[in-house]
Amino acid sequence: MGLPGPREGGLMPHGRTLLRPLDSPAHPQPADQAAAAKAIGVLVRNDISIAEELLYLRVVHGLMAAMGNTDHSNSQRLASLTLQCFVQMFPMVAEHVRRCMGEELYQLFLSNAEDLYMKIDSIQADILAANEVNVTRALRHLGSSYSMNTCGSRDSAHMAYVTQFQNDDVESKE
C-alpha cells in the first residue's frame, strides 16, 4: 500500500496546510499553533494512516515554522516533539528535515527535541521559520512505490528515493 493522497472527506482540502508559517497572513494564534502541534502529535502517535495523510498537507513545513516561532516557546516545544514523531516514522521526512536544517541543527534536534527551543540561536530559529520543506512533492514523485507494508519494499523504495535525491543534488551542483 502506497502513501495515499488526502482522501475524500479527509482532514483538509488538498493543498492546504495545518500550521501556516508565521509570515502567512492567516497564521494561527500562538495558543492555536501550540494546540495544533499537540493534537497532531497525539493523532500521529496513534494512527500511521493519519500521519501519512498529514504529510500531504505540508505538516512538516508547518511544524518547522512553529519551531522557529521564538515568541512562543510552547509552540516551539510541541512542534519539535511532533516533528520528532514524523522523523522517526518516515526516513524520507528525516532526510528532508536534515537537509533543510543543516547537520548541526539537525543533530541538536535529534539529541533533545523537547529542549531544542532553549538551545537554538536566532539564525537557527530563522532557518526553521523560513523553511521551504516540501515532502508532498517528493511523495508525489515516488507515487505508490513508497510502500508502508512490512515486506521490505518500504526499505527498497526508500533506497530508490535516497538515490534519486542524491542524483538530483549532484545534478544541481553541476
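Contact here means heavy atoms within 4.5 Å. With that in hand, a convenient place to enter this predicted model is methionine 101. Setting aside neighbours up to four places away in sequence, methionine 101 is in contact with Met64, Met67, Leu83, Tyr106, Phe109, Ile127 and Leu128. Several of these names return below, so methionine 101 makes a handy landmark for the rest of the tour.

The overall fold comes next. The protein chain contains 10 helices and zero strands, and the order of elements from the N terminus reads α-α-α-α-α-α-α-α-α-α. Of its 174 residues, 45% count as buried. Among contacts in the protein chain with a separation of 6 or more, 68% join residues 24 or more positions apart. One pair of residues gives a concrete case of separation in sequence set beside distance in space: serine 122 and glycine 68 stand 54 residues apart in sequence, while their C-alpha atoms are 8.7 Å apart. Serine 122 belongs to helix H8 and, with a relative accessibility of 55%, is classed as exposed.

The interior can be described through its largest nonpolar core. This core has 43 residues, and those that touch the most other members are Val60, Leu83, Phe86, Val93, Val97, Met101 and Phe109. Two or more residues each are contributed by helix H1 (30-46), helix H2 (48-56), H3, helix H4 (73-89), helix H5 (91-101), helix H6 (103-111), helix H8 (122-129) and helix H9 (135-142). H4 supplies the largest share, with eight residues. Methionine 101, the landmark of the opening paragraph, is thus one of the residues that touch the most other core members, and Leu83 and Phe109, which are on that list too, are among its contacts.

Helix H3 (residues 59-67) is mostly covered, with nine of its nine residues buried. The buried residues of H3 are Val59, Val60, His61, Gly62, Leu63, Met64, Ala65, Ala66 and Met67. Met64 and Met67 are also contacts of methionine 101. In the loop between H2 and H3 sits arginine 58, whose backbone deserves a look: arginine 58 has a positive phi of about 60° although it is not a glycine. For context, most residues other than glycine have a negative phi. Arginine 58 counts as partly exposed, at 25% relative accessibility.

Arginine 58 also leads to the start of H9. Apart from residues up to four places away in sequence, asparagine 134 touches Arg58 and His96. Asparagine 134 lies in the loop between H8 and H9 and caps the N-terminal end of H9, with a side-chain oxygen 3.3 Å from the backbone nitrogen of threonine 136. The side chain of asparagine 134 also reaches the backbone nitrogen of arginine 137, at 3.2 Å. Asparagine 134 is counted as buried because its relative accessibility is 17%, below the cut-off of 20%.

Within H9 itself, the buried residues are Val135, Thr136, Ala138, Leu139 and Leu142. These residues lie on the same side of H9 because they cover an arc of only 160° around the axis. On the face turned away from that buried side, H9 carries the exposed residues Arg137 and His141.

Aromatic pairing was examined next, and the count comes to two pairs. Phenylalanine 86 and phenylalanine 90 form a stacked pair, 6.4 Å centre to centre with 25° between the planes. Phenylalanine 86 is buried at 0% relative accessibility, and phenylalanine 90 is likewise buried, with a relative accessible area of 0%. In the other pair, tyrosine 106 and phenylalanine 109 have ring centres 6.2 Å apart and planes at 40°, so this pair is tilted. Both of these residues are in helix H6, three residues apart, about one turn of the helix. Tyrosine 106 and phenylalanine 109 are both buried, and both are contacts of methionine 101, which brings the account back to its landmark.

Finally, the cysteines can be considered. A disulfide is a covalent bond between the sulfur atoms of two cysteines. The structure holds zero disulfides. Cysteine 85 is buried, with a relative accessible area of 9%, whereas cysteine 100 counts as partly exposed at 25% relative accessibility.

Note on methods:
Residues are numbered from 1 along each chain as its sequence is written. This is a predicted model: local features need pLDDT of at least 70, side-chain atom pairs count only at pLDDT 80 or more; totals for chains, interfaces and linings use all residues. Side-chain values use heavy atoms; hydrogens and water are left out. A disulfide is a pair of cysteine sulfur atoms within 2.5 Å. Buried means under 20% relative accessible area, exposed over 50%, partly exposed in between (1.4 Å probe, protein chains only). Helices (H or I, at least four residues) and strands (E, at least two) are DSSP runs, numbered from the N terminus. A nonpolar core is a set of buried Ala, Val, Leu, Ile, Met, Phe, Trp, Tyr and Cys residues joined through side-chain atoms within 4.5 Å. The arc is that of the directions from the helix axis to the C-beta atoms. A polar contact is a pair of N or O atoms within 3.5 Å; within protein, one must be able to donate a hydrogen and the other to accept it, and residues adjacent in sequence count only if both atoms are side-chain atoms. Rings of Phe, Tyr and Trp (its six-membered ring) pair if their centres lie within 6.5 Å; planes under 30 degrees apart count as stacked, over 60 as edge-to-face and the rest as tilted.
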